[in-house]
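Biologist: I would like to learn how to read surface patches and buried residues. Can you take me through a case?

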Amino acid sequence: MTLSLFILFLEQGVASGLVMGSVYALLALAIVIIFKTSEAPNFAQGDMMMGAAYVALYLLVFRKAPPIVAIPLTIVVAFVVAALFRGLVLAKVAKSSGSPVNLVIATLGFSYVLRGLVRGAGVGDTPRTFPPLASTDSIMIDQASVTILDLVIFGAAILTMAGFFWMFAYTKLGRAMRAVGMNPKAAQLVGVNIGRIHMLVWGLSGVISAIAALLISPKILMTADMGSIVTLGFAAAIIGGFNSLPGAVVGGFVIGVSENLVGLFISSRAIVVAPFVAIMLVLIVRPQGLFGGRTSIKKV
């Protein structure tokens with residue numbers, strides 16, 4: 001391989017990886033904000049994204065709604081469904097058992113319900129293509145080729161993450177979310193409504209998943225199993241540190257860039273393995289993840 005070809009592959013891999021990595025970062029962020037407040041991973045996150053994608057497809061293709069109507073409506077539906085699931089189902093499960101295992105099982109059940117609804121509605125029975133929300137014309141950034149759609153995906157993902165971090169750091173709701181994540185009992189003592197915050201966190205996670213769905217759907221073939229892409233979101237969260245919001249974002253970009261570089265320099269067949277190799281390398285060097293806090297040992 002010549003030096004010029006090496007540089008071409010490197011630039012193309014990084015450019016494409018940043019685009020896909022921004023979507024993985026969104027999914028990782030949605031996963032981490034729920035884990036930080038409930039200490040139970042949400043295994044329905046991928047199918048929440050899938051469900052939002054099919055809601056948008058139904059509005060845009062079957063109902064011919066303009067994007068200016070379909071996009072906000074999809075986000076609202078995702079927020080309401082996720083928040084109601086937390087308030088009506090998970091709240092009762094947590095109250096009756098209090099075991100994180102039961103919460104995990106409930107999210108798995110929610111995942112199967114969403115998948116069944118999509119298949120039962122008749123829209124998820126065959127693979128479908130999502131209409132691109134921006135031009136697919138290519139442009140050159142140095143030697144790397146990207147589309148206008150790629151730039152829109154990257155820009156929208158960055159703006160979404162920036163808006164979330166601003167809300168989390170500077171608003172009353174964000175401070176309440178942080179308080180619940182650090183010490184729920186202390187937060188309740190100072191007047192924070194724990195149930196309301198949990199519902200809002202789940203609703204916000206649904207919103208982030210819906211935005212990720214709108215961004216990624218034009219680049220992949222839509223099926224009822226498309227939510228499996230959330231595996232890369234979990235990989236990103238593990239790499240960054242499951243308790244770290246900035247780590248989730250960094251982990252997403254690490255996964256996106258690494259899988260694209262592996263596909264270009266090694267083999268497209270190795271792309272599936274690349275995220276898990278990255279996980280193992282990070283965990284060997286830093287078991288708590290790149291941005292995770294120090295591990296503590298509890299005496300029993």
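Modeller: We will go through two surface patches and one residue in a helix. Keep in mind that this is a predicted model.

Biologist: Start with charge. Which residues form the positive surface patch?

Modeller: Look for like charges grouped on the surface. Here the positive patch is made of Lys172, Arg175, Arg178 and Arg196. Helix α6, residues 172–182, gives the largest share, with three residues.

Biologist: Is Arg175 buried, partly exposed or exposed?

Modeller: Exposed means over 50% relative accessible area, and buried means under 20%. Arg175, in helix α6, has 44% relative accessibility, so it counts as partly exposed.

Biologist: Now the nonpolar side. Which helix gives the largest share of the nonpolar patch?

Modeller: Helix α3, residues 67–96, with eleven residues. Among the patch members are Ile68, Leu73, Phe79, Val80, Leu88 and Met199. Together the patch residues have about 960 Å² of accessible area.

Biologist: Pick one member. Where is Val80, and how does its accessibility read?

Modeller: Val80 sits in helix α3. Its relative accessible area is 38%, so Val80 is partly exposed.

Biologist: Let us turn to Ser111. Is Ser111 buried or exposed?

Modeller: Apply the cut-off again: buried means under 20% relative accessible area. Ser111 has 4%, so it is buried. Ser111 belongs to helix α4, residues 100–120.

Biologist: Which residues is Ser111 in contact with, leaving aside its neighbours within four places in sequence?

Modeller: With those neighbours set aside, Ser111 is in contact with Phe43, Ala44 and Asp47.

Terms used
Residues are numbered from 1 along each chain as its sequence is written. This is a predicted model: local features need pLDDT of at least 70, side-chain atom pairs count only at pLDDT 80 or more; totals for chains, interfaces and linings use all residues. Side-chain values use heavy atoms; hydrogens and water are left out. Patches are made of residues with over 30% relative accessible area and no salt bridge: like charges are joined within 9 Å, nonpolar side chains (Val, Leu, Ile, Met, Phe, Trp, Tyr) within 5 Å. Accessible areas come from the Shrake-Rupley method with a 1.4 Å probe; for residues, only the protein chains shown count as cover. A salt bridge is a side-chain nitrogen of Lys or Arg within 4 Å of a carboxyl oxygen of Asp or Glu. Lys and Arg count as positive and Asp and Glu as negative; His and the chain ends are not counted. The place of a charge is taken as NZ of Lys, CZ of Arg, CG of Asp or CD of Glu. Helices (H or I, at least four residues) and strands (E, at least two) are DSSP runs, numbered from the N terminus. Buried means under 20% relative accessible area, exposed over 50%, partly exposed in between (1.4 Å probe, protein chains only). Contact means heavy atoms within 4.5 Å.
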